[in-house]
Amino acid sequence: MRGVVCGISVGVILCSGAGAQGPQPLQLASREPAFYAIVGTHIERAEAGSFAALRERLVLRLHNATIPEALTAIQEQTSLRFTYKPSILPAGATVRLDASDITVAAALTQILLDADVDVEIAPYGQATIVARNRVANQRQPSDSIIVRGTITDSSTHGPLAGAVVRVAGGTRSATSGLDGLYSITGLAPGTYRLVVRRLGYLPTSVEVTASIPGVYKRDIALTASPAVLDQVVTTVTGDERLRSIGNNIATIRADSIVPTAPVTSLGDVINARAAGVQVINAGGVTGASPVLYIRGAGSLSQSTQPLVYVDGIRVANSYAGSPTFSGGTAGRFNDVAPEDIESIEVVKGPSAATLYGTDAANGVILITTKRGQGGATRWTVYGEGGALTADAASLPYNYTGWGHAPGTSQEINSCTLDAVAAGSCIQDSVTKFSPLHVGSLTPIGTGNREQAGAQVSGGAKSMRYFISGDYTSETAPLQDPSPDQRTLDSLVGPKIGSGYVQHPNSVGKYDGRLNLTASLGQNADVAISSSYLSQTTQIPVGGAPLFAAGGPGYRDQNDGWGFFGAPETEFSLIPSEETHHFTGAVTSHWTPVSWLTTRATVGLDASSDMFTELQPAEAAPVDGNPGGYVFDQQTTTTLYSVDLGSTARLPLTSWLVSSTSIGAQYHRVNQASTVASATQLSPGATSIAGGLPLGSQSDTQSVVAGVYAQEELALNDRLFLTGAVRVDGANDFGQKFQTATYPKGGVSWLVSRESFFPTWHWLSLWRLRGAYGESGTQPGIVLTTLATGPVTIDGVHQTGVGLASLGNPQVQPERQKEIEAGSDLDLVDSRIHIEFTYYRKRNVNALYNVPLGASLGVGSIEENIGQIQNWGYEALLSAELVSTRSFAWGIALNGSINHNRVVTLGPYFQPIYGQYGNTSVIAGYPLFSMLAQPYSYVDANHNGIIEPNEITVANTPQFVGGTIPGRQLTAATHVDLFDHRVRIGAQFDYRGDFVIPDQFLSSQCFNGTAFGTTSRSASLRQQAACVAYTNYGTNDGIIFDGSFLRFRELSLTLAVPDHVAERLRARSLSLTLSARNLALWTHFPAGDPESAAQTLGFPGSSLYSGGGIPSSQYWLARVNIGL
Amino acid sequence: MNSIFWSRKASGRFASCAMGLLIAAAGCNITSVQDPAIVQPPDVITPSGAASLRVGALSSLFGAFSAQSLYTGLFVDEFTFPPTIANSFAASEDERRLSASNPGNFPFNQFSGGRINAILAITTAKQVAAQPTWHIGELYALIAATELEFAEDLCSGVPIAVVQNFTPSYGPTLSTHQLLDQTLTDLDSAAKYSTGNDSIANLVAVLRGRTYSDSGDLAAASAAVQNVPLGFAYTAELSDTTNQNVIYRLIVLNGEETVSDREGINGLPFVSAADPRVTTVAVQPNGITVLAPASASNGSAPLILASGIEAQLLSAEAALATGQTSVWATILNNLRQNAITPSMSALTLDSTTSASPSMQLAVMFRERAFWLFATGHRLGDMRRLVRRYGLAANSVYPTGLYMGGPATYGSSVVYPVAEQDDPNYHGCLNLNP
């Protein structure tokens, strides 16, 4: 009944529900109390349903209770606090109300019926009982129009505070409160256009026609903009307007993306949403962390991972202690729960990251988590479930030639083309087979994902809170199809859990967050951020489809798996990682005087990884562990952060404003690892004690401490000049190198705001910008050290010492210098935003562990060997092409082109020519590129078969391609329908300009099971590739273009109307159906080019190597409920 | 102003800390760390440090000898790959197809590291006057044994690092002859510090005899070992948990190699002879049946580096060289009678005193091959047969079709030196010294 019948005692709400035609003025029963909202300095008539506090439900058992007693009963069960003068209540009046599930609004209406009073609702649950019509008589002209409503995010449907609603052509305006509510009063009947603006969102306008006095409700949904120049971004020196910064900084509104897009990790949130940022996943390995490259690979030996800051402190982003198998490595990058993130800013390179100091050369990812908003308690509950699949159909087959020896009928099942050419067999037929394509044999099956979580926020102005909790369980499509599983289960199942071996790749995790923000008077606040994660990750040792490449082209006694063994053999080794990760930060801001702000942050990030690997003695033997094997590695990583800063902002003249910032930072990373293992386990043993033990321990500590000073001059708020310097000290700079100094400078010019610039109505803003900056990476330990270890000598288990590494007193930190320049355009009332950036960065002190001659007995020595350069272009276009209430359409494109080159290498660095799929490092070519000896072929004897003597191989390897994608383009679009109640989103992701060595093919060539080694139908090119590879060792024929286009995301979100949600006792309710990695277009012949069968590490294997576990396809359904 | 808080020194500290905070914080040492995992040279210049350095050096050298015994055996006719594992890359060592770019698996790096650690241990022990002094003698003897292996197994032209102030640097490139001279010099030092320890003295004696033998001076070799008792054995101590026997690991655990039998035409029948000195055990790791030496039955199985048996064999060879065939035959038969239980039957006359000189030589090296099986002596013996006795390499080393074809054995007779990253090293002086 609610929403379509007005004036009854059950509720006092507007009539805009089902059956209502557009906004209508409120109609109230005269005997009922009216409700008024205190908004800023105004008091406005409002419907009861718009107050969260009045939507709370309670149980009342009132039998002849006085009104004060009734109010007290409500107060005891809700967040409302009543104040009133007893004299205004009718003396001796009693109330009788017996309800088991009634809203506060309905209860108050009943209790105050005929009491001649109204209710004023203030923020934070204060309710004042006042005499009837006092408010209306005093504050509200009886003939005025009131337009009010809620400003929400079109994606999340959550409220937006701080949005300015202005009446076009008039002076009336209002700003939305913490609940997103706005109210414009004092309008005369007529038609108005309301223009709504908020930082980070595209401006929106709506039309309201009000013919008779009353309250008109108009909710307005805003669409997030990936970048508008008015927005504020986080910097080392505090929040700054983007327009004043000379760098390009990518902003990702995670809170808009996560509820509606098929993203399951932080990597998914960032992937393809920022130009120049390459997120490289390990195929379909669940629980693996991605490798990130921002503006290319700039270091030969040091980590390429950017720094990660969460709420102002550094958090772990390493692989330390994590298992690396099947091309995937569990790591700490994805520990941050996407649901907790409000926004992500990607600081791309040294020109922007200078003030983050040493270790920031790879860029910085700044994550801001959600904070509590004042007002009534708001709950968000969500649940997600779905299936994971993987495309095994595109994985190659193995081929076998069947024939007979000349002159005999003896069958030969390895009648390859070279045997045919040699005359040793006559081929009769060719068969193909792969266990990957047989349902009962393939390790590629179906996985599943479950997630459930809740968030609650609220509080008063003096104290706000955000609390979240989440449970996630994901099982990858990898499975053990073997019927032998039963045997294994019977042997070891009770101890290790049979379900695990059946599905060897899974993640189960719990995480929670508590964020508190408190005001300390008018000029100070303090914020506490804390999170905790407990996660168990199981990453398989094997299972890579590549293993099938070792099998024959028919089903043999090994089910076609060949030498590597069937999956159950690999899966009998059981690796598991248990992670606990705590992050805590306290940040305080203090503004002692209006022109001076100070900031202090203290943080701790502590993670513990317990990696265990078990192969029971009874299980199938793997790689030389016939007696079983157990391995435990416990790694604790602790990061301490202290960040102090102060900014003085002073207008020097009417046109010149100076902002001077100084600060100091301290970062310490302690990492300790204890490793213990045992072999030859006794039957039934699953622990170290059950076998022959071996142990070791490592402990590393790293400290960077630095200070900075920055001066920014703003000229007429149009031209911004910035200069800064940072000086760092560190423990690992080397013996003769104590400090590092990093300068930066930047300019940002709002050209279109200059007086000389013509006024074009379609041009909102045009900005030119440029920046220069430096940053670094400290080397590892560069001292001469001795290693200790347990040995058995003289029959005694004792400690031995030996030379481990040679120090190099000349080593300096890596130094990356970057210059960037670009332009930003906001067009058509900021509905179209365009960015273009050129950058060039050079690592002038590239570090590498240069191999030493074996006669020295120590492997290598750290040297600054040369220079590596990246340069390229980035572009972004976002446009809200259509924006009406019934239909909205937006697109977003971002792309980048990166060129990479090893400029010089030192005299002692020997070029690394990779073989067998490994990468090369050679001056003049991209870092980690593929080089191979080219070859030519000719079928000289015209027998249709390429033989070794028909191939000519060049002596000198030539460049084939880089292994890190040089080009990236993302196209995303969304369509909103029916007042933003329906949203369809899609994203396509292209990566190009890189090559992949086809490990599948190389293995088949060696085994003689490739199409090109077996079938006469194979082209001469296919034949030559294998012959050249196996006979002359050149990779040239097995390296392929890795470019791909992937239909990355598709989602459909249905947000039910508010009145429907309210019937379900919810504030909002939406359902999202989504899919990830739906389709793939590529010329790479061995399945998914994003999969990697090899482990990561340079110089060595390429990032993409093919033959790994194909990327998982996610098919998800998600429900988001706001309460 | 007399307070310490206002002293000039204290004020200086305060100023230093303040400046450090503003500039680099280095003045306050807030960037310094105490890393418990880092041990630097000054930390071990103590008696206990010297003892730990000795233990570390012995461990690394013993590991190198264990690896050498497997890989040189693979190079010659003691071990081979099982056919299912051999592939073009891995088999190059077994096929005798080695080159500077594909130098095989001789543990040159491990030997070199062990040798440097032994030098560090000796230097430290002398500096702190560590006791007992025979520890120093033992380390010198193992340095000599390392150089002897270089001379026997590697090409002529081996880079030998020099060590000063705990820092190794590239040293001279020594020919085979120079290496043998260096070995004798180090054995002199070993003898000097071995007083009072018969085991080390015997080790020095056998190594000296082996060195003389490699130099062609068999009389000196025989003289050097004359006092070594038959029952003497110096073993490389290995451990299942810390320094595993490589033959055990790669054959018994991994099934990557197997004992050869008549490998490559010239190979000895190590399996089919059913000789009690070379007993094998069939094992089946990873589903592949391979034959493992019974002497490497576990990861802690010790490796005999020098023994009284080897001393007797050196004496026998010296007797044969001087035509004392009856003495030669007596020594060999004496070993068969007393060095193994149960005793073996004596060699027949037609294989000893009445045999042709070439057959006598073959018997001599056959006896050495079986007595010293899988102890890292066989490659040196084959080289001596070629270098000192003038036999053709193709009549000594495995040759012909590799595993029945289609590939054939190559022509390598020694390992090249895996020293690619040394800018001072320009390759072997002679690949067939």
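## Aromatic contacts and a small sheet in a predicted complex

Phe65(B) and Phe111(B) are both buried. These two residues belong to a predicted model, and the sections below describe their surroundings, the confidence of the prediction, and selected features of chains A and B.

**Aromatic rings.** Across all chains, the structure contains 31 aromatic pairs. One of them joins Phe65(B) and Phe111(B) in an edge-to-face arrangement, with 5.0 Å from centre to centre and 80° between the planes. Phe65(B) is part of helix α2 (residues 47-75) of chain B, while Phe111(B) is part of helix α4 (residues 108-128) of chain B, so the pair ties together parts that lie 46 residues apart in sequence. Ring pairs also connect these two residues to others in a cluster, whose members are Phe65(B), Phe75(B), Phe106(B), Phe108(B), Phe111(B), Phe150(B), Tyr397(B) and Tyr415(B).

**Charges over rings.** In the following cases, the charged end of a side chain sits over an aromatic ring.

| Charged residue | Ring | Distance to ring centre |
|---|---|---|
| Lys432(A) | Tyr397(A) | 4.4 Å |
| Arg277(B) | Trp371(B) | 4.9 Å |

**A sheet in chain A.** Lys432(A) also appears in a sheet, as the bridge partner, in β30(A), of Tyr399(A). This open sheet has 3 strands in the order β29-β28-β30 (chain A), and their pairing is antiparallel. Strands β29 (411-412) and β30 (426-433) of chain A form the edges, since each pairs on one side only. Strand β28 (residues 398-404) of chain A is joined to β30(A) by 7 bridges in the antiparallel sense. In general, the strands of a sheet pair through backbone hydrogen bonds.

**A buried threonine in chain B.** Thr80(B) is located in strand β1 (residues 79-80) of chain B. Is Thr80(B) buried or exposed? Thr80(B) has a relative accessible area of 12%, and because this value is under the 20% limit, the residue counts as buried. Apart from neighbours within four places in sequence, Thr80(B) is in contact with Leu74(B), Asp94(B), Glu257(B), Thr258(B), Ser260(B), Glu263(B), Tyr402(B) and Met403(B).

**Confidence of the prediction.** For the complex, the predictor reports an ipTM of 0.89 and a pTM of 0.77. The average pLDDT of chain B is 89, and 89% of the residues score at least 70. Within chain B, confidence is highest in helix α10 (residues 308-321), with a mean of 98, and lowest in helix α1 (residues 8-22), with a mean of 44. The pLDDT is below 50 over residues 1-27 of chain B, a stretch that has 22 contacts in the model beyond near neighbours in sequence.

Terms used
Residues numbered from 1 in each chain as written. Chains lettered and ligands numbered in written order. Heavy atoms only, no water. Helix = DSSP H or I, 4+ residues; strand = E, 2+ residues; numbered from the N terminus. Buried < 20%, exposed > 50% of the residue type's maximum accessible area, 1.4 Å probe, protein only. Contact = heavy atoms within 4.5 Å. pLDDT = per-residue confidence, 0-100. Pairing = 2+ DSSP bridges. Phe/Tyr/Trp six-rings, centres within 6.5 Å; stacked < 30°, edge-to-face > 60°. Lys NZ or Arg CZ within 6 Å of the ring centre and 35° of its normal.
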